[in-house]
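The exercises below are meant to be worked through with the sequence and the model side by side. Try each task before reading its solution.

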Amino acid sequence: MIKALIFASIIELAGVTGSELRVRAFFDANNVKVGDPLVLTIDFVGEADFKSLHPPELSRHVNASDWKIYDDSAKTDTYRDARRLTYRVRPMRPGVLWFPELEFSYSSSAKTNSVIVRSNRIPVHATGSVQVKVEEMGAVENEMPQPGELLTDRGVEMTDDEAFAWRKACAKPSADAFAQFSGSVARLNEARMAILEGNWARALKIYSRLEWVIGQTPEIERGIVAALALKYDNISAVLPVWRDVARPVLKYSWKGRLSIIGLSLIVLLAFYKVVSRLIKAIAVLAIAFALPFQSFAQQDNNDIFRMMEEQARQMQERMDRLMSFDSDSMMGFPSQKRKPVKIVAGASLDRDHVCVGEPFDFIIEIDVPKNCRLSQLRIAPTVSEGLSFVGKPFNMTDVQSENPSNIIKRIALPSRFDTTYKGPIAFEINGLVSQNTKSNVGGFFSMSFSNSIRLLSSPLEIDVKPLPEKDRPNDFSGIVAKNLVINEYPDLIKVGTNDVVTIKYVFNVDGYVPKFYLPKDCAFEVVRDNGRIEFIRYFVADGAPTTPSIKISYWDIDRKEYRRVSAGATKLEYRDDFSHSH
């Protein structure tokens with residue numbers, strides 16, 4: 001009977017097929033009054049087919065005495081790296097209410113059975129209100145489109161004075177309060193507050209300038225719709241059609257747009273040159289055919305037909321040579337016979353020992369004749385499990401081959417193994433090789449011929465060791481980095497008892513953090529991009545003088561030792577409100 005109840009509590013995502021999905025859930029506010037409408041957001045992050053996803057009913061999976069969920073308000077959307085569901089929710093009683101974990105099942109693309117994922121719990125502090133009759137609350141009325149949430153993390157390093165001013169602006173937000181700061185985050189907050197203050201013109205002006213600088217983003221689109229709804233007093237306002245049509249270009253910043261325009265002009269110019277040359281070639285051929293006929297008029301018929309046949313034969317031969325780009329001729333002129341190009345490849349490491357999580361370089365060595373040039377190379381390893389490339393390939397200095405006529409081209413592949421591995425690894429190399437040859441016509445110019453190549457490097461034996469067990473902390477989770485830095489950003493500093501503080505931890509990592517790593521007591525990961533990883537943690541202010549601290553152990557790449565970094569313990573200021581005086 002217990003198993004049946006547990007199974008019934010799982011929410012099936014019918015039609016969804018994927019792998020390694022993660023779920024994160026959050027409200028748009030965590031400190032409200034009983035009966036206040038909230039927006040519940042549930043994000044599914046990962047690779048999956050969401051075409052058939054239909055918002056499931058959630059109301060029967062929560063305690064009705066705590067939460068009122070309007071299933072008919074559910075909407076779906078795509079947000080950055082996630083498929084997003086949103087619901088309207090109301091807290092039904094005062095106190096600290098925890099929205100429960102929800103279990104979802106989906107079909108695995110690698111297995112025949114289903115996979116279950118679980119969302120995080122969310123705390124909400126709901127204070128009582130004598131004016132709200134929760135029992136009589138009806139469906140959520142249509143509301144005007146709203147801009148995005150207030151962004152509390154400015155995303156840049158700040159001095160103590162700047163950080164204090166920023167926290168003050170976030171505590172008492174207004175358009176003018178954020179106008180004093182620079183950066184896209186401050187502009188988004190300024191535009192958001194301008195809309196809430198009824199100044200749609202100011203908001204549209206900010207969004208237009210910001211879109212030119214950073215490109216069209218979901219936050220900017222949402223803000224533009226909210227500003228237009230306010231401008232025309234229309235809850236059904238949508239993004240202008242031209243913005244929808246031009247989205248592939250508007251998503252780029254001004255540099256990207258200018259690059260697209262420049263590239264388009266280059267393509268048009270190249271097309272114009274090709275067409276003009278083709279017209280000239282046709283004209284030359286027409287003249288070549290027409291000239292013999294000027295002299296034919298004075299000859300007898302037999303000579304005329306004989307000369308026409310000879311001219312046609314010669315022209316056909318020239319055209320055949322012109323259209324034939326084989327290895328022995330070019331543009332109708334004979335060239336030297338090319339010898340087959342012999343290319344061999346090998347691989348090596350830039351160090352003697354490799355450990356899990358530590359960055360290193362594979363060095364691809366391609367032995368090629370000096371008169372050859374390699375281009376459009378694509379290099380892929382024969383072993384991919386646990387192997388990640390952590391940077392773009394780059395060319396190293398060429399070295400002399402044992403063959404005096406050859407040179408060794410070296411290419412470095414910044415890499416990392418996330419698991420131990422022992423055995424051979426080779427690399428498949430695809431691309432083009434261009435060979436220069438000298439012409440037999442006087443021997444005064446050379447021509448270049450390109451052929452595709454596909455070769456496999458000689459195998460390389462490697463042994464990726466685990467990190468040392470000596471002095472390894474019990475809480476070590478596999479982070480490998482150089483001087484790991486963690487910053488804490490709580491959304492509230494001045495709190496009342498039981499207020500929910502949303503804490504954002506920002507990890508600045510020059511190294512490796514396991515894919516599904518989540519710090520202890522954190523709710524979910526927000527974003528992971530270019531060494532910056534953000535996590536969210538909820539903390540209920542229960543009288544503690546500071547926010548909780550976080551301590552993370554990691555392996556320091558440079559020092560070759562385990563280290564520990566901490567953050568948090570920000571001092572809280574409790575309000576002298578009614579709850580404290582009684």
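**Exercise 1: a pocket and its lining**

The second largest pocket holds about 380 Å³ of space; find which residues lie closest to its centre and which elements give two or more residues to its lining.

Solution. The model is a predicted one, in which local features need pLDDT of at least 70 and side-chain atom pairs count only at pLDDT 80 or more, while totals for chains, interfaces and linings use all residues. Residues are numbered from 1 along each chain as its sequence is written, and side-chain values use heavy atoms, with hydrogens and water left out.

Step 1. Start from the centre of the pocket, where Val390, Arg416, Gly511, Tyr512 and Val513 are the closest of the 21 lining residues.

Step 2. Assign the lining to elements: strand S16 (387-389), strand S28 (511-512), strand S29 (524-529) and strand S30 (532-540) each give two or more residues.

Step 3. Sort the lining by residue type, which yields eight nonpolar, five polar and eight charged residues.

**Exercise 2: salt bridges and their surroundings**

Taking a salt bridge as a side-chain nitrogen of Lys or Arg within 4 Å of a carboxyl oxygen of Asp or Glu, describe the pairs Asp43 with Arg84, Asp350 with Arg351 and Glu428 with Arg454, and say whether each partner is buried, partly exposed or exposed (under 20% relative accessible area, in between, and over 50%, with a 1.4 Å probe and protein chains only).

Solution. Step 1. A search of the whole structure finds 24 salt bridges, and in the one between Asp43 and Arg84 the closest N and O atoms are 2.8 Å apart. This pair links distant parts of the chain, since Asp43 is in strand S3 and Arg84 in strand S5 (residues 82-91), 41 residues apart. Asp43 is buried because its relative accessible area is 0%, and Arg84 is buried as well, at 15%.

Step 2. For Asp350 and Arg351 the closest N and O atoms are 3.2 Å apart. Asp350 has a relative accessible area of 35% and is therefore partly exposed, and Arg351, at 34%, is partly exposed too.

Step 3. Glu428 and Arg454 approach to 3.6 Å between their closest N and O atoms. Because Glu428 lies in strand S21 (residues 427-438) and Arg454 in strand S22 (residues 446-456), the pair ties together parts that are 26 residues apart in sequence. Glu428 is partly exposed at 30%, whereas Arg454 is exposed at 65%.

Step 4. Finally, look for a network of salt bridges, such as the one that links Asp153, Lys504, Arg532 and Glu534.

**Exercise 3: a nonpolar patch on the surface**

Which residues form the nonpolar patch on the surface, and which element gives the largest share of it?

Solution. Step 1. The patch is formed by Trp212, Val213, Ile214, Leu258, Ile261, Leu265 and Leu268, which together have about 680 Å² of accessible area.

Step 2. Two elements give two or more residues to this patch, helix H5 (200-214) and helix H9 (254-296), and the largest share, four residues, comes from H9.

Step 3. As a check on a single member, Leu265 is placed in helix H9, and its relative accessibility of 54% is why it counts as exposed.

**Exercise 4: a loop residue**

Where is Ser59 placed, and how far is its C-alpha atom from that of Asp71?

Solution. Step 1. Ser59 is in the loop between strand S3 (38-49) and strand S4 (67-79), and it counts as partly exposed because its relative accessibility is 31%.

Step 2. The C-alpha atoms of Ser59 and Asp71 are separated by 6.7 Å, the two residues being twelve apart along the chain.

Notes:
Patch = residues over 30% accessible without salt bridge, like charges linked within 9 Å, V, L, I, M, F, W, Y side chains within 5 Å. Areas by Shrake-Rupley, 256 points an atom, 1.4 Å probe, with all protein chains shown as cover. 1 Å grid on protein atoms, 1.4 Å probe; cavity = no way out; pocket = protein on both sides within 12 Å on 5 of 7 lines; lining within 4 Å. Points joined across faces, edges and corners; volume = space filled by probe spheres on them. Nonpolar A, V, L, I, M, F, W, Y, C, P; charged D, E, K, R; others polar.
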